[in-house]
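Trainee: Got a minute to walk through this model with me? I'd like to go through helices, a few single residues and the cysteines.
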Amino acid sequence: MPPGLDALKHIVVLMMENRSFDHMLGSLKAVNPQIDGVDGTQSNPDTQGNKVFVQPLAEFQSQLDPDPDHHFPAVDLQIFGGDQSPNRVPNMQGFIKSYFQQRQDAAHSQRIMYYFSQQKLPVLTSLATNFAVFNRWFASIPGPTVCNRAFAHYGTSFGQVDMNIFYPQGKSVYERLQNAGRTSKLYYFDQASSTIEVVNLLQHQPQLFGTYDQFLADCKSGKLPDYSFIEPNYTDHDNDDGEQLASDQHPDHNIQAGEIFIASVYNAIRENPTLWASTALLIVYDEHGGIFDHVVPPACTPDGYSAGPADTLLNFSFNFDRLGIRVPAILVSPWVPKGTVVGADRVFEHASIPATATNHFIGNYDARTPREKNAQTFLDLLSLDTMRTDSLIFNT
């Protein structure tokens with residue numbers, strides 16, 4: 001076993017909200033051509049058929065208003081350009097068409113093609129270039145938040161493709177670990193911005209929940225559980241510490257607040273030497289939020305469920321046999337070679353999260369979907385023979 005994997009005691013997952021790979025990390029293609037980002041040649045037609053190219057003009061806030069549509073019918077339009085014929089081919093040419101529907105404003109709809117320059121996202125891009133960035137991490141479903149996050153917790157959404165409450169029919173990764181004598185915790189931000197999973201996940205196991213402040217304390221004291229899942233602040237609100245800006249980066253929340261939050265999670269782990277040496281941190285986004293990405297989502301192993309036309313709101317069923325749109329994903333560990341780019345030959349999605357935690361902490365576990373059983377895991381990226389000693393600390 002590689003030394004880094006042998007030393008691994010903690011897996012931490014931070015899941016942000018609603019941004020695509022090209023939008024957040026596409027600029028890094030200019031830094032490293034192995035990163036499958038944008039180079040200015042990618043485009044979409046506007047509603048008049050004019051070709052609109054990607055541009056590095058994304059702003060921190062007040063640009064994507066209204067929130068781009070990312071429900072199942074809208075994502076279908078974004079991927080297939082409006083073609084609903086039986087033999088259609090995905091072309092990623094419907095993003096401007098989709099965004100135009102919300103405001104009927106041709107100029108505004110072109111903003112869906114904007115991406116951030118590297119300099120505007122120093123935290124995210126520094127982590128991507130210093131550790132491992134995934135060229136092919138996709139949302140699990142071409143749809144919205146709740147069903148995609150379900151895949152991170154269960155390896156399936158139990159047939160859901162929308163934002164409705166679901167009723168789990170299998171064990172979450174947290175329950176699996178606890179039943180096997182391991183420890184796990186889902187850290188939400190605070191009582192005013194509690195996890196969206198409280199309603200439908202682990203209702204009778206409050207010991208598996210903690211706040212973000214508790215996460216920071218657990219890092220400092222070295223009491224972090226085997227597996228941790230962290231949620232950002234979903235709302236602008238006041239608490240005992242004063243005004244709290246939403247840090248989830250969901251359009252149209254402030255991107256810089258999210259950068260600070262990502263840095264604080266990384267710093268909390270990095271500043272405890274023992275924890276740093278024994279932890280793998282995955283930073284990933286739940287879905288693309290309706291924002292342009294140029295990579296066609298691939299087919300995948302079905303999970304045994306199907307959503308009918310009444311659920312997809314289209315004239316066909318969805319058999320969970322293809323993935324959603326690509327999202328940013330970065331693996332952070334001192335055992336990961338600097339500048340690692342995980343190539344297009346390896347496809348990841350949110351079912352990779354419970355698959356990785358389950359395989360590492362429990363081993364063989366049969367009571368899960370075919371989708372999760374076949375999902376790629378990522379701990380082999382901790383491949384160095386000697387732990388890195390270089391230092392990356394953010395000022396927050």
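Trainee: What phi does glycine 363 take, just after α13?
Mentor: Glycine 363 has a positive phi of about 95 degrees. Helices here are DSSP runs of H or I, at least four residues, and strands are runs of E, at least two, numbered from the N terminus. This is a predicted model: local features need pLDDT of at least 70, side-chain atom pairs count only at pLDDT 80 or more, and totals for chains, interfaces and linings use all residues. Residues are numbered from 1 along each chain as its sequence is written, and side-chain values use heavy atoms, with hydrogens and water left out.
Trainee: And α13 itself, how many of its residues are buried?
Mentor: Eight of the ten, so α13 (residues 352–361) is largely enclosed by the rest of the structure. Buried means under 20% relative accessible area, exposed over 50%, partly exposed in between, with a 1.4 Å probe and protein chains only.
Trainee: Which ones are buried?
Mentor: Ser352, Ile353, Pro354, Ala355, Thr356, Ala357, Thr358 and Phe361.
Trainee: Switching to helix pairs. At what angle do α9 and α10 cross?
Mentor: Roughly 30 degrees, and the axes of α9 (residues 212–221) and α10 come within 8 Å. That makes α9 roughly parallel to α10. The classes are: under 35 degrees roughly parallel, over 145 roughly antiparallel, 65 to 115 roughly perpendicular, the rest oblique. Axes are lines fitted to C-alpha atoms, for helices over the stretch in contact, and angles run from 0 to 180 degrees between N-to-C directions.
Trainee: Which residues make that contact?
Mentor: From α9, Tyr212, Phe215, Leu216 and Cys219. From α10, Phe261, Ser264, Val265, Ala268 and Ile269. Contact means heavy atoms within 4.5 Å.
Trainee: How do they split by class?
Mentor: Eight nonpolar, one polar, no charged. Ala, Val, Leu, Ile, Met, Phe, Trp, Tyr, Cys and Pro count as nonpolar, Asp, Glu, Lys and Arg as charged, and the others, Gly among them, as polar.
Trainee: What about α6 against α10?
Mentor: The axes of α6 (residues 122–130) and α10 come within 8 Å and cross at roughly 45 degrees. The two helices are therefore oblique to each other. Pro122, Val123, Leu124 and Leu127 of α6 meet Glu259, Ile262, Ala263 and Tyr266 of α10. That contact has seven nonpolar residues, no polar and one charged.
Trainee: Cysteines next. How many disulfides turn up?
Mentor: Zero, searching the whole structure. A disulfide is a pair of cysteine sulfur atoms within 2.5 Å. For cysteine 300, the nearest cysteine sulfur is that of cysteine 147, 13 Å away.
Trainee: Is cysteine 300 buried or exposed?
Mentor: Cysteine 300 counts as buried because its relative accessibility is 19%. Cysteine 219 is buried too, at 0%.
Trainee: Now histidine 250. Where does it sit?
Mentor: In the loop between β10 (242–244) and α10 (255–270). Histidine 250 is buried, with a relative accessible area of 15%.
Trainee: What does histidine 250 touch?
Mentor: Glu17, Asn18, Arg19, Asp67 and His70, leaving out residues up to four places away in sequence.
Trainee: Last one, lysine 29. Where is it?
Mentor: Lysine 29 lies in the loop between α2 (21–25) and β2 (43–45). Its relative accessible area is 25%, so lysine 29 is partly exposed. Lysine 29 touches Ile35, Gly37, Val38 and Asp39, again not counting residues up to four places away. Lysine 29 and aspartate 39 are ten residues apart in sequence and 7.0 Å apart in space, C-alpha to C-alpha.
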